[in-house]
Amino acid sequence: MTVATTDSLLSLDDVHRARERIGGRLHRTPLLRSATLSKRVGAEVRFKAELFQRTGSFKPRGVLNKLATLTDEEKQRGVISISAGNHAQALAYASALEGIDALVVMWQTASQMKIAAARGYGATVDDSPPDIPAAFEWLDQLIAESGRVLIHPYDDPMVMAGQGTVGLEILEDSAEPPDVVLVQVGGGGLISGIATAVKAMNPDTRVIAVEPELSRAMHESLKAGEPVTVAPRSLADGLNGPYAGPNCVQVCTALGVESVLVAEEEIKDAFRFLYGRMKLACEPAGAATAAALLAGRVAVEPGQTVAAVVSGGNVAPQTAAAILAEQ
């Protein structure tokens with residue numbers, strides 16, 4: 001599954017055009033202050049609650065923007081993608097809005113709740129592959145056989161631009177530009193879009209990628225200066241991308257995106273914090289940014305402002321119950 005690396009980086013204009021294409025079909029998610037966490041870290045902390053977005057994550061932003069750029073002939077061929085769950089649901093939802101046939105490749109160990117949700121939104125889900133590597137191989141074969149158009153989960157510039165609308169909203173809903181923006185990272189599409197918007201409008205803002213120690217594709221790619229393949233195995237399944245996209249690595253490198261890692265127990269602690277104190281029933285993936293703050297992985301100065309993305313909201317009840325029971 002490849003998307004040709006773009007010669008020109010994303011621009012703020014690309015993100016603005018994405019918002020025009022998306023129109024009023026998505027929620028304007030809130031920016032919620034945490035008094036408890038603000039006091040603990042000595043900075044003003046606000047969470048961009050993308051778990052309240054349609055389908056439970058930021059993903060429809062990028063998918064809707066990409067689908068809006070397809071030709072009629074491409075739409076008639078249908079679309080295809082691969083996903084651990086949130087992109088699958090977004091593609092199913094957005095394709096149904098556009099009247100496009102969608103096929104999503106998942107795998108047998110993916111969240112059964114997310115598989116069922118993608119089917120519920122109207123997509124055909126092929127979950128025959130036993131694991132992630134097999135799923136990517138099967139996807140390539142299906143693309144060649146079916147002629148469907150690939151809607152990449154994160155590395156397509158149009159998808160990245162759509163995700164960048166999260167950054168626009170953070171800036172517009174903040175009294176002053178945040179000093180630090182924290183974004184959880186799987187493949188890198190969200191942070192690429194957010195960094196494009198935020199750095200264009202406020203170059204001094206630090207944009208920081210947060211990943212699990214057990215799923216660190218972007219972290220290793222930024223160190224290497226090129227995409228690095230990893231074997232992800234974090235409980236935060238939404239962040240278990242096997243590699244960061246070449247376009248994403250290019251954008252993040254050019255914009256000086258920083259990177260930090262969080263441990264599995266830190267993700268669980270943050271999950272319990274968000275659930276208990278913020279009343280945010282997010283996935284483990286959505287708790288990664290709070291984990292970075294609670295564990296002191298990000299250095300913030302007294303009085304600074306921090307905006308942290310929380311996405312998504314498709315946690316299985318069994319997973320939530322197990323983490324909460326560990327308290």
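**Figure 1. Surroundings of the buried residues of helix 11.** The cover over the buried residues of helix 11 includes strand 8, helix 12 and strand 9, where contact means heavy atoms within 4.5 Å. These buried residues are Ala217, Met218, His219 and Ser221. Buried denotes under 20% relative accessible area, exposed over 50%, and partly exposed the range in between (1.4 Å probe, protein chains only). Helices (H or I, at least four residues) and strands (E, at least two) are DSSP runs, numbered from the N terminus. Just after helix 11, Gly225 adopts a positive phi of about 80 degrees. The model is predicted: local features need pLDDT of at least 70 and side-chain atom pairs count only at pLDDT 80 or more, while totals for chains, interfaces and linings use all residues. Residues are numbered from 1 along each chain as its sequence is written, and side-chain values use heavy atoms, with hydrogens and water left out.

**Figure 2. The six-stranded open sheet.** In this sheet, 6 strands follow the order 1-2-10-7-8-9, with mixed pairing; two strands pair if DSSP finds at least two bridges between them. Strand 1 (31-33) and strand 9 (258-262) are the edge strands, and each pairs on one side only. On average, neighbouring strands of the sheet are turned by 25 degrees against each other, direction ignored. Within the sheet, strand 2 (residues 44-49) and strand 10 (residues 305-310) are joined by 6 bridges in the parallel sense. Phe47 faces Ala308 of strand 10 across this pairing, standing opposite that residue.

**Figure 3. Helices 10 and 13 against the six-stranded sheet.** Helix 10 (residues 189-201) lies across strand 7 (180-184), strand 8 (206-212) and strand 10, and runs at about 170 degrees to strand 8. Angles run from 0 to 180 degrees between N-to-C directions, and axes are lines fitted to C-alpha atoms, for helices over the stretch in contact. Helix 13 (residues 264-278) lies across strand 1, strand 2, strand 8, strand 9 and strand 10; its direction makes about 90 degrees with strand 9.

**Figure 4. Ala49 in strand 2.** Ala49 is placed in strand 2 and is buried, with a relative accessible area of 0%. Leaving aside residues up to four places away in sequence, Ala49 touches Thr29, Pro30, Leu32 and Val310. The C-alpha atoms of Ala49 and Asn247 are separated by 26 Å, the two residues being 198 residues apart along the chain.

**Figure 5. Packing of helix 9 on helix 10.** Helix 9 (residues 165-172) packs against helix 10 at an angle of about 40 degrees, with the axes 7 Å apart. This arrangement makes helix 9 oblique to helix 10; angles under 35 degrees count as roughly parallel, over 145 as roughly antiparallel, 65 to 115 as roughly perpendicular and the rest as oblique. Helix 9 contributes Val166, Gly167, Leu168 and Leu171 to the contact, and helix 10 contributes Leu190, Ile194, Ala197, Val198 and Met201.

**Figure 6. The aromatic cluster of Phe136, Tyr154 and Tyr243.** The count of aromatic pairs comes to 3, and ring pairs link Phe136, Tyr154 and Tyr243 into a cluster. Rings of Phe, Tyr and Trp (its six-membered ring) pair if their centres lie within 6.5 Å; planes under 30 degrees apart count as stacked, over 60 as edge-to-face and the rest as tilted. The ring centres of Tyr154 and Tyr243 are 5.9 Å apart and their planes stand at 65 degrees, so this pair is edge-to-face. Tyr154 belongs to the loop between strand 6 (149-150) and helix 8 (157-163), and Tyr243 to the loop between helix 11 (217-224) and helix 12 (246-254); the pair therefore ties together parts that are 89 residues apart in sequence. Tyr154 is buried at 8% relative accessibility, and Tyr243 is buried at 16% relative accessible area.

**Figure 7. The four-stranded open sheet and helix 5.** In this sheet, 4 strands follow the order 5-4-3-6 with parallel pairing. Strand 5 (124-126) and strand 6 stand at the edges with a single partner strand each, so one side of each has no neighbour in the sheet. Strand 3 (residues 79-82) and strand 4 (residues 102-105) pair in the parallel sense over 4 bridges, and Ile82 stands opposite Val105 in strand 4. Helix 5 (residues 86-98) packs on the sheet, where helix 5 touches strand 3 and strand 4 and makes about 165 degrees with the direction of strand 3. In the loop between helix 5 and strand 4 lies Gly99, which is exposed at a relative accessible area of 70%.

**Figure 8. The enclosed helix 3.** Of the 9 residues of helix 3 (residues 59-67), 9 are buried, so this helix is largely enclosed by the rest of the structure. Among the buried residues are Lys59, Arg61 and Lys66, together with Val63, Leu64 and Leu67.
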